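User: Hi! I am new to this structure and would like a friendly walk through it. Could you take my questions one at a time?

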Amino acid sequence: MLNNRINITKSIEVAGRNLSFNVGSLATQANGSVFVRYGDTCVLVTATASEEPREGIDFLPLTVDYEERLYAVGKIPGGFIKREGKPSEKATLSSRLIDRPLRPLFPKGFHNDIHIVATVLSVDQDNRPDVTAINGASAALMISDIPFENPIGAVWVGKIGNDLIINPTLEQWEKSELDLVIAGTEEAVVMVEAEASEVPEDIIIEAIELAHKEIKNIVRFIKDLRQECLKEGIAKEKKEVSVEPIDKDLESEVYRIGKELIAQAIDEVKTKGCKKLEREKILKETKEEIVNKVMELKPELFEEDPNLQKRIEGLIVEIEKEIVRSMILEKKERIDNRKLDEIRPIECKVGILPRTHGSGLFVRGETQVLTVSTLGALGEEQILDGIDVEETKRYMHHYNFPPYSVGEARPIRGPGRREIGHGALAERALERVLPSEDEFPYTIRLVSEVLESNGSTSMASVCGSTLALMDAGVPIKAPVAGIAMGLIKEGDKVEILTDIQGIEDALGDMDFKVAGTKKGITALQMDIKIAGINTEILKRALEQARKARLIILDKIIETIPEPRPTLSPYAPRIIKTEIDPEKIRDIIGPGGKIIKKIIDETGVKIDIEDDGKVYIAAVDQSGAEKALEMIKSLTEDVEIGKIYLGKVTRTTDFGAFVEVIPGVMGLPGKEGMVHISQLAEERVNKVEDVVKAGDKIIVKAIGFDQLGRLKLSRKEALKEANKEAEKNIKNKTKKFREHRKNK
């Protein structure tokens with residue numbers, strides 16, 4: 001990009017489009033920096049690490065920030081401040097999307113702070129910036145000195161008809177039954193994220209296999225890029241990971257004491273059938289006992305090294321992990337005595353909150369989620385200020401995880417990345433089964449309150465949401481359930497766990513969340529903690545998840561077989577009508593005066609689309625109907641040939657003026673004139689002999705005069721009324737005669 005610096009630009013073709021990486025031009029003070037371009041989507045990705053590890057921690061302090069810039073799509077930010085503020089929900093989800101496949105691939109013991117920043121500079125909607133950023137992050141880490149030596153690649157997959165498409169364009173994506181993002185190394189898949197329209201498991205596997213072939217090419221390309229950058233001196237040699245050793249004798253004692261005491265504690269937990277908090281208490285006390293016994297053996301080592309206790313505690317966790325995993329792999333036993341494919345006891349309830357529009361409580365073991373549904377007018381949809389084409393959102397799912405759900409006492413703050421991520425996953429799981437706006441013209445908000453947590457609250461939120469939607473009377477296409485699968489893998493030994501709880505998630509190798517209907521999958525999210533898994537393991541996990549999902553769906557259907565036929569009395573009723581778009585100004589009025597007056601008089605909410613669709617929302621049905629009549633009066637045109645019951649407004653020597661469509665909101669209605677010759681079949685000498693001001697008469701619209709004024713006829717209306725009356729009498733007489741004859 002810049003001629004005065006040593007830089008390299010290399011390209012690879014992915015799905016028929018050019019994916020290029022420029023190294024050495026921009027942000028060169030970062031440990032690694034790559035300018036990635038895919039089509040006209042451009043993302044600058046940097047990777048920076050601290051010189052020294054963070055003191056006193058036993059985890060990888062990785063932070064990923066996905067920085068959306070609205071100039072990337074030619075927009076100026078909304079609001080008063082006119083600059084980008086806190087990350088949008090989409091930006092937060094994209095940060096997680098980058099973080100999740102990278103995190104398990106860093107070496108153990110590397111505790112330096114790592115910061116990856118993906119700045120979106122230009123967006124071509126056919127080429128996703130978030131997936132482009134994953135590839136950029138992989139490349140930035142590879143050319144840096146940060147110890148990361150197993151690069152990843154990422155693609156997205158769509159499905160139209162029977163065709164699977166790598167990196168579909170926006171037009172293809174809008175028709176797609178599948179939105180699948182996959183990241184992997186050259187050897188295996190490390191992350192899957194998907195939304196789908198009830199796609200069968202075998203198609204998902206086929207899509208993953210197809211994607212992995214493309215990913216392998218991207219990974220090989222990134223490895224070659226590093227080698228070329230090393231030759232040019234713009235890539236750095238990797239730092240070595242140094243882990244402080246523990247005294248060998250002390251380590252042996254930790255293992256000897258730890259294995260014995262933790263095995264005893266786990267046996268106690270299994271024998272008693274302990275619940276989560278009791279189990280955690282027993283294991284915590286056991287770990288403290290091990291630390292105390294070890295400290296008594298060589299107290300001088302702990303005095304010399306203040307961080308030694310922390311490392312010993314980490315070693316004890318590894319011992320616990322080894323024992324629990326061995327129990328599953330060798331004995332096929334779980335810590336709560338379940339079989340490997342067994343689901344915890346399930347309980348479902350609906351309608352437990354009297355004044356909400358719908359509510360569902362889903363309980364699976366010690367995981368308990370209450371979801372509440374709220375229906376609103378279309379005007380209450382969320383307005384989005386981001387870089388995607390979507391500008392509004394009609395369906396929202398929010399997830400709350402209060403500290404009491406895990407028995408903790410700490411302040412409640414705003415939603416974090418985890419809460420946003422779990423809410424989005426549940427939202428994707430249900431989005432494809434919701435009725436369209438035309439079928440069900442409501443904004444839908446679901447809120448999942450986690451009341452108790454011991455594993456897979458996101459999938460419990462999916463189940464609770466299905467219950468809440470059906471309780472609210474939302475006509476969903478099919479119920480959706482979710483289950484979280486786990487994995488224990490040591491060499492060739494592999495066991496898949498159904499319905500993992502917290503300890504199995506923490507000590508296992510995979511958290512694979514699967515949601516769907518009886519027909520197929522609606523959402524997937526897979527995160528792993530090892531270098532990757534092959535498709536054979538994925539097939540087993542999906543099949544085991546399918547069987548579990550069907551069991552849960554049966555429990556949901558037992559509780560509420562189908563959506564309620566009517567909405568809650570507290571939910572708004574929405575009436576839809578359509579008007580000529582040219583008439584919209586008649587409803588709104590100067591400065592919004594007319595529409596405000598309708599709303600004030602009827603207590604409704606009114607949303608008007610540009611194409612002339614009008615939605616009237618009100619809890620009081622009579623208010624909605626009154627507003628509808630007002631709108632009809634404001635926009636209705638007189639139809640020639642139609643008979644109206646009109647009101648005489650005034651008379652003259654030559655005829656009577658009749659209002660056929662009443663005026664509303666202080667505005668005049670539609671009126672025409674009945675000429676004296678059209679008042680009756682016989683000759684009329686004086687108009688007042690037949691009608692007076694204030695009379696209600698039937699008239700027929702017969703046309704317009706040369707000046708465009710409406711012409712009406714009472715004479716023609718009476719003729720038609722008499723013909724109709726005669727016809728009715730004849731029909732009744734005929735029926736009576738036939739009845740007599742049959743007798």
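**Sheets, helices and cores**

Analyst: Gladly, and let me start with one pair of strands. Strand 12 (residues 358–364) and strand 13 (residues 367–376) run antiparallel to each other, paired over 7 bridges. Please keep in mind that this is a predicted model.

User: Which residue in strand 13 is the bridge partner of Gly 358?

Analyst: Strands of a sheet pair through backbone hydrogen bonds, in either a parallel or an antiparallel sense. Here strand 12 and strand 13 take the antiparallel one. Across from Gly 358, the bridge partner in strand 13 is Ser 373.

User: Which strands stand at the edges of the open sheet?

Analyst: The open sheet has 5 strands in the order 11-12-13-17-16, with mixed pairing. Two of these strands have a single partner strand each, so one side of each is left without a neighbour in the sheet. Those edge strands are strand 11 (346–350) and strand 16 (395–400).

User: What angle does the direction of helix 12 make with that of strand 11?

Analyst: Helix 9 (residues 417–431) lies across strand 16 and strand 17 (443–452), and runs at about 140° to strand 16. Helix 12 (residues 535–559) packs on the sheet too, where it touches strand 11 and strand 12. Its direction and that of strand 11 make an angle of about 35°.

User: What is the order of the strands that close into a barrel?

Analyst: Strand 25 (residues 643–652) pairs with strand 26 (residues 655–661) in the antiparallel sense over 5 bridges, and a hairpin of 2 residues joins them. Strand 25 also pairs with strand 28 (residues 696–704), again antiparallel and over 5 bridges. The barrel has 5 strands with mixed pairing, and the twist averages 50° from one strand to the next. Its order is 25-26-27-29-28.

User: In strand 28, which residue does Tyr 644 stand opposite?

Analyst: Strand 25 has facing residues in both of these partners. Towards strand 26, Lys 647 stands opposite Glu 659. Towards strand 28, the residue opposite Tyr 644 is Val 699.

User: How far apart are the end C-alpha atoms of helix 6?

Analyst: Helix 6 (residues 276–297) has 22 residues, and at 1.5 Å a residue they should span 32 Å. The separation in the model agrees with that expectation, because the end C-alpha atoms are apart by 32 Å.

User: What covers the buried residues of helix 6?

Analyst: The buried residues of helix 6 include Ile 282, Leu 283, Thr 286 and Ile 290. An α-helix has 3.6 residues a turn, so residues three or four places apart point the same way. The cover over the buried residues includes helix 5 (248–272), helix 7 (299–304), helix 8 (308–331) and helix 11 (502–507).

User: Which residues have the most contacts inside the largest nonpolar core?

Analyst: That core has 144 residues, and its largest share, 13 residues, comes from helix 4 (residues 201–232). Apart from it lies another core of 34 residues, among them Val 254 and Leu 283. In the largest core, the residues with the most contacts are Ile 116 and Phe 512.

User: Is Gln 382 buried, partly exposed or exposed?

Analyst: Gln 382 is in strand 14 (residues 382–383). Beyond its neighbours within four places in sequence, Gln 382 is in contact with Glu 391, Thr 392, Lys 393 and Met 396. Its relative accessibility is 29%, which is why Gln 382 counts as partly exposed.

Conventions
Residues numbered from 1 in each chain as written. Predicted model: local features only at pLDDT ≥ 70, side-chain atom pairs only at ≥ 80, totals over all residues. Heavy atoms only, no water. Core = buried A, V, L, I, M, F, W, Y, C linked by side-chain atoms within 4.5 Å. Buried < 20%, exposed > 50% of the residue type's maximum accessible area, 1.4 Å probe, protein only. Helix = DSSP H or I, 4+ residues; strand = E, 2+ residues; numbered from the N terminus. Pairing = 2+ DSSP bridges. Axes fitted to C-alpha atoms, helices over the stretch in contact; angles between N-to-C directions. Contact = heavy atoms within 4.5 Å. Expected span 1.5 Å × (residues − 1).
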